[in-house]
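I open this notebook to keep track of what I look up, entry by entry. The sequence and the model come first, and my notes follow.

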Amino acid sequence: MEKQLANSAPLGLLGFGMTTILLNIHNMGFFPVSAVIISMGIFYGGIAQIIAGIIAFKRSNIFAATAFTSYGFFWITLVGIWMLPDTRNAVTGATPNSFLGVYLALWGIFTAFMWYGTWGASKVQQFVFLSLTVLFFLLALEKWTGIESVATFAGAIGIICGSSAFYLAMAELLEEVKGKKVLPY
């Protein structure tokens with residue numbers, strides 16, 4: 001007897017959304033990067049999204065699988081970029097801001113293609129990917145220019161993006177639990 005796998009999108013969206021909100025509260029200047037963001041980046045933004053992506057692969061949902069595993073590994077690589085210089089290994093010195101800008105811009109390009117993949121899907125899903133595309137390019141711009149107000153504005157966009165992912169997760173979760181659409185998406 002074949003067992004049906006549950007929809008992993010709410011888990012992946014919550015891992016992405018909550019971690020994105022926390023990081024962008026930092027980007028707005030309210031809190032420093034701390035164990036809260038590092039831990040969320042590794043475990044919820046990272047590992048939980050990767051698990052959601054693997055389940056999506058098993059459900060033959062290539063878009064969700066690619067999105068969740070990719071952004072899960074984004075969070076883990078971001079934590080690595082922050083933490084590896086502290087290992088005092090000569091190869092893992094601090095990343096210059098200009099190169100971090102390239103890293104963020106590559107993620108922006110990837111996300112722009114993923115946004116295109118959402119056309120025809122729900123409006124909230126389209127908004128998540130559009131706002132994430134804008135966020136990555138704003139963060140890259142801040143790294144290239146050093147203009148702190150860009151990071152603050154990007155932080156506001158990031159909180160909106162993360163909140164929209166959180167909302168979409170709750171909409172999909174409640175729909176499955178209640179057997180009907182509870183929140184529009």
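Where is the place of S60? I looked this up first, keeping in mind that I am working with a predicted model, and I found S60 in the loop between α2 (35-58) and α3.

**Entry on the loop residue.** I then read the backbone angle of S60 and noted a phi near 65°, which is a positive value in a residue other than glycine. I wrote this down because most residues other than glycine have a negative phi. For the surroundings I checked accessibility, and S60 is exposed, with a relative accessible area of 67%, which lies over the 50% that the term exposed requires.

**Entry on aromatic rings.** Next I searched for pairs of rings, and the structure holds 13 aromatic pairs. I looked at one of them in detail, the pair of Y71 and F129, which is tilted, with 6.3 Å from centre to centre and 55° between the planes. This pair links distant parts of the chain, since Y71 belongs to helix α3 (residues 62-83) and F129 to helix α5 (residues 123-145), 58 residues apart. Are these two rings buried or exposed? Y71 is buried at a relative accessible area of 3%, and F129 also counts as buried, at 9% relative accessibility. I then asked which residues join them in a cluster, and I found that F16, F63, Y71, F74, W75, Y103, W107, F110, F129 and F136 form one aromatic cluster.

**Entry on F16.** From that cluster I followed F16, which is found in helix α1 and counts as buried at 6% relative accessibility. What is F16 in contact with, once its neighbours within four places in sequence are left aside? My list for F16 reads Q49, W75, V128, L132, C161 and A165. I also took a distance along a longer span of the chain: F16 and K178 are 162 residues apart, and their C-alpha atoms are separated by 24 Å.

**Entry on two helices.** Since V128 and L132 are on the contact list of F16, I turned to the packing of helix α1 (residues 9-27) and α5, which meet at an angle of about 35° with their axes 13 Å apart. The crossing of α1 and α5 is left-handed. The contact is made from the side of α1 by F16, T20, N24 and N27, and from the side of α5 by V128, L132, L135 and L139.

**Entry on charges.** How many salt bridges does a search of the whole structure find? I found one, and E142 forms a salt bridge with K143, where the closest N and O atoms are 3.5 Å apart. The two partners are not alike in accessibility: E142 is buried, with a relative accessible area of 13%, whereas K143 is partly exposed, at 26%. E142 has its place in helix α5, and, its neighbours within four places in sequence aside, it is in contact with I147, V150 and A151.

I closed with a charge placed over a ring, for which I noted that K181 lies over the face of Y185, at 4.4 Å from the ring centre.

Conventions
Residues are numbered from 1 along each chain as its sequence is written. This is a predicted model: local features need pLDDT of at least 70, side-chain atom pairs count only at pLDDT 80 or more; totals for chains, interfaces and linings use all residues. Side-chain values use heavy atoms; hydrogens and water are left out. Rings of Phe, Tyr and Trp (its six-membered ring) pair if their centres lie within 6.5 Å; planes under 30 degrees apart count as stacked, over 60 as edge-to-face and the rest as tilted. Helices (H or I, at least four residues) and strands (E, at least two) are DSSP runs, numbered from the N terminus. Buried means under 20% relative accessible area, exposed over 50%, partly exposed in between (1.4 Å probe, protein chains only). A charge sits over a ring if NZ of Lys or CZ of Arg is within 6 Å of the ring centre and within 35 degrees of the ring normal. A salt bridge is a side-chain nitrogen of Lys or Arg within 4 Å of a carboxyl oxygen of Asp or Glu. Axes are lines fitted to C-alpha atoms, for helices over the stretch in contact, and angles run from 0 to 180 degrees between N-to-C directions. A crossing is left-handed if the near helix is turned anticlockwise from the far one by less than a right angle, and right-handed if clockwise. Contact means heavy atoms within 4.5 Å.
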